[in-house]
There are 2 protein chains.
Amino acid sequence: MDQQKKEKFEKGTLITYRQDIKVLDATIRDGGLINGHNFEDEFVKAVYNACLAAGVDYIELGYKASKKIFAPSQHGPWKYCDEDYIRKVIGEKKNSMKLCAMADAERTDYHTDILPKKDSILDCIRVATYIHQIPTALAMINDAHDKGYEVTVNLMAVSVVTHKDLFEAIELFAKSPVATIYLVDSFGAYYPEQVRELTSEFKRIASGTRKLIGIHTHNNQQLAYANTIEALVSGASMLDATINGMGRGAGNCALEMLLGFLKNPKYDIRPVLECIEKHFIPIKNKMDWGYSIPYMITGQMNQHPRSAIKVMESEARDKLLAFYDQMNEEES
Amino acid sequence: MDQQKKEKFEKGTLITYRQDIKVLDATIRDGGLINGHNFEDEFVKAVYNACLAAGVDYIELGYKASKKIFAPSQHGPWKYCDEDYIRKVIGEKKNSMKLCAMADAERTDYHTDILPKKDSILDCIRVATYIHQIPTALAMINDAHDKGYEVTVNLMAVSVVTHKDLFEAIELFAKSPVATIYLVDSFGAYYPEQVRELTSEFKRIASGTRKLIGIHTHNNQQLAYANTIEALVSGASMLDATINGMGRGAGNCALEMLLGFLKNPKYDIRPVLECIEKHFIPIKNKMDWGYSIPYMITGQMNQHPRSAIKVMESEARDKLLAFYDQMNEEES
């Protein structure tokens, strides 16, 4: 137990590695925000197999969204992560990579749609919540935990939350049965210095519990990777990444970068590079993600990327000055 | 003097700004490595005017390369930065933005080609040197200083230099008349943690002198901007950037990002966005720069990007796995 505790919070160097580090691939879940969760089964299978071969610890496939709120005719299958559909695509699970689905507070019929763990192919439920939804999130955490799942909580858009509210929320999570508390930079607004400070503060609040701290970043300012490794240096253990950085808008921390950084010999970058070459480069003309100046502008302004996504999908994507001026006008 | 000294090393926050910070635009110099220093005069003029309007402190236009070593028939005018040519393109200087040219150790006829300051339009000579060229670099620093210039020294490829040699070199520079000592991450190999440590060490060695520390980064691992602001946080004052990150291979820290981060009201991001929109987006099909996975691979391996540049210029640019395997074979 003492050894385990020590390992949990030991400090790595650029040569050694930390046993407590876990990598979570969120390609299909975050990438699904670009294409309405409509991926070819083959693509999902390829991502799954690449992550498995690369030694990734967790993979997140999508959401457990309410079919009452989101009509299945309007969204792809990974919006719901039905048990049968997952099994159809990846087969029966015969390995140790943990399967996750995200459950949004207030947008999930969790009582009915999240089955008891023994009847599910899923291992881990990731409860995503905004600060004003904390009571619902706590109920969902308890529900998933009682059903037998490992549970993480992903507190979103914290860059627009006061530290007082934020730390109060973290204290509530620290008392809940959640396994991992995530710092989520939804707007790609944080600088490395802020990520170090917040990670340290999350760790301080959760100290004495066995809970891990997680980090989920966005690449609006080309800081997704930097912020991920800085969170790691400051004590985060669960690191989210996506293959080729695929994800809404500017995308996420690229898995290939992260695996290249981590020194644990169990991780292998080759299957990820192969997957990018075979499956990501061919769809680059159909799906658009990654750093662009409009995302930088919303990131620097600490705003939701929706305005940038809208302009990037329009004819005006190269009208940088007009976009900048428009954003500043909206602000004032 | 005390006040000045205090300002030189004060610590900024995300709200305040540091008076000692200076921004250097190296677009034409580093971008010239992509196109053999052949820019349209109009492009150079547009970059110059954008930097001026943006409040940039220094602009670097190219090299003072030896015409004996590099035949002028083989290279564009910004390889040499002839006084007449600079004046022809930007006119007589009537503002406070300082003009720089880079002088490579052992590849510059500095005795003859660098004129006395009073006869030159240039304000600052940037001596670029590898660790084995230090004696020549020191002679060039003294020569340029004696001629009346502000001088910086850019010690390149330090990520493959032992710390013992590196710090000995910095000690020599600290005793020279150089104004700024630069940490240059030529291979885009450094992580933020290393940049913080090295910047602090450079500052420690130069403490007691009036010398500033500078930072010049490359974007192989999408860390150019992160490393620049981390160097800043650790005490660097001279920050190199390029418009749209233009520069060899993966490019550099983007000026628009840096100006968006800096809080000094004298800096204005708008002219830079306008310049990108009008002059950079239209040439994207003619000049290739910016992050790609082959650059990430050479960066993570702490190698010169030449292999990555070569593959990116070839039909095999998307053959990621073959490139990765080839690089690992060469290593062993």
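Helices here are DSSP runs of H or I with at least four residues, strands are runs of E with at least two, and both are numbered from the N terminus. Keep in mind that this is a predicted model.

**View 1. Helix H9 of chain B sits mostly under cover.** H9(B) spans residues 224–233, and 9 of its 10 residues are buried, so the helix is largely enclosed by the rest of the structure. To follow the buried stretch, go through B:Ala224, B:Tyr225, B:Ala226, B:Asn227, B:Thr228, B:Ile229, B:Glu230, B:Ala231 and B:Leu232. After H9(B) comes B:Gly235, with a positive phi near 115°.

**View 2. Helices H8 and H9 of chain A pack together.** A pair of packed helices is described by the angle between the axes and the distance between them. Here H8(A), residues 192–206, and H9(A), residues 224–233, have axes 9 Å apart, at an angle of about 30°. Angles under 35 degrees count as roughly parallel, and H8(A) and H9(A) are therefore roughly parallel to each other. The crossing of H8(A) past H9(A) is right-handed. On the H8(A) side, look for A:Pro192, A:Val195, A:Arg196 and A:Thr199; they meet A:Ala226, A:Asn227, A:Glu230 and A:Ala231 of H9(A). That contact is a mix of 4 nonpolar, 2 polar and 2 charged residues.

**View 3. H8 of chain A also packs with helix H7.** H7(A) covers residues 163–175, and its axis comes within 9 Å of the axis of H8(A), crossing at roughly 40°. That angle makes H7(A) oblique to H8(A). This crossing, too, is right-handed. From H7(A), the residues in play are A:Phe167, A:Ile170, A:Glu171 and A:Ala174, and they meet A:Glu201, A:Phe202, A:Ile205 and A:Ala206 in H8(A). By type, the contact of H7(A) with H8(A) has 6 nonpolar residues, 2 charged ones and no polar ones.

**View 4. Strand S7 of chain A is covered on both faces.** S7(A) runs over residues 212–216, and 5 of its 5 residues are buried. Side chains in a regular strand alternate between the two faces of the sheet. In S7(A), one side carries A:Leu212, A:Gly214 and A:His216, the other A:Ile213 and A:Ile215, and all of them are buried. Strand S6(A), residues 180–184, runs parallel to S7(A) and is joined to it by 5 bridges. A handy place to start is A:Tyr182, which stands opposite A:Gly214 in S7(A).

**View 5. The strands of chain B close into a barrel.** There are 8 strands, paired in parallel in the order S1-S2-S3-S4-S5-S6-S7-S8. Ignoring direction, neighbours in this sheet are turned by 25° against each other on average. For one pairing in detail, zoom in on S2(B), residues 58–63, and S3(B), residues 98–104, which pair in the parallel sense over 4 bridges. Among these strands' residues, B:Tyr58 has B:Lys98 in S3(B) as its bridge partner.

**View 6. Chains A and B meet, with several helices of chain A involved.** Each chain puts residues into the contact: 29 from chain A and 29 from chain B. On the chain A side, the elements giving two or more residues are H8, H9, H10 (255–261), H11 (270–280), H12 (293–300) and H14 (320–331). That side of chain A is made up of 17 nonpolar, 4 polar and 8 charged residues.

Terms used:
Residues are numbered from 1 along each chain as its sequence is written. Chains are lettered from A and ligands numbered from 1 in the order in which they are written. This is a predicted model: local features need pLDDT of at least 70, side-chain atom pairs count only at pLDDT 80 or more; totals for chains, interfaces and linings use all residues. Axes are lines fitted to C-alpha atoms, for helices over the stretch in contact, and angles run from 0 to 180 degrees between N-to-C directions. Angles under 35 degrees count as roughly parallel, over 145 as roughly antiparallel, 65 to 115 as roughly perpendicular and the rest as oblique. A crossing is left-handed if the near helix is turned anticlockwise from the far one by less than a right angle, and right-handed if clockwise. Two residues are in contact if their C-beta atoms, placed from the backbone, lie within 7 Å. Ala, Val, Leu, Ile, Met, Phe, Trp, Tyr, Cys and Pro count as nonpolar, Asp, Glu, Lys and Arg as charged, and the others, Gly among them, as polar. Two strands pair if DSSP finds at least two bridges between them. A residue is buried if 20 or more other C-beta atoms lie within 10 Å of its own, exposed if 12 or fewer, and partly exposed in between; C-beta atoms are placed from the backbone.
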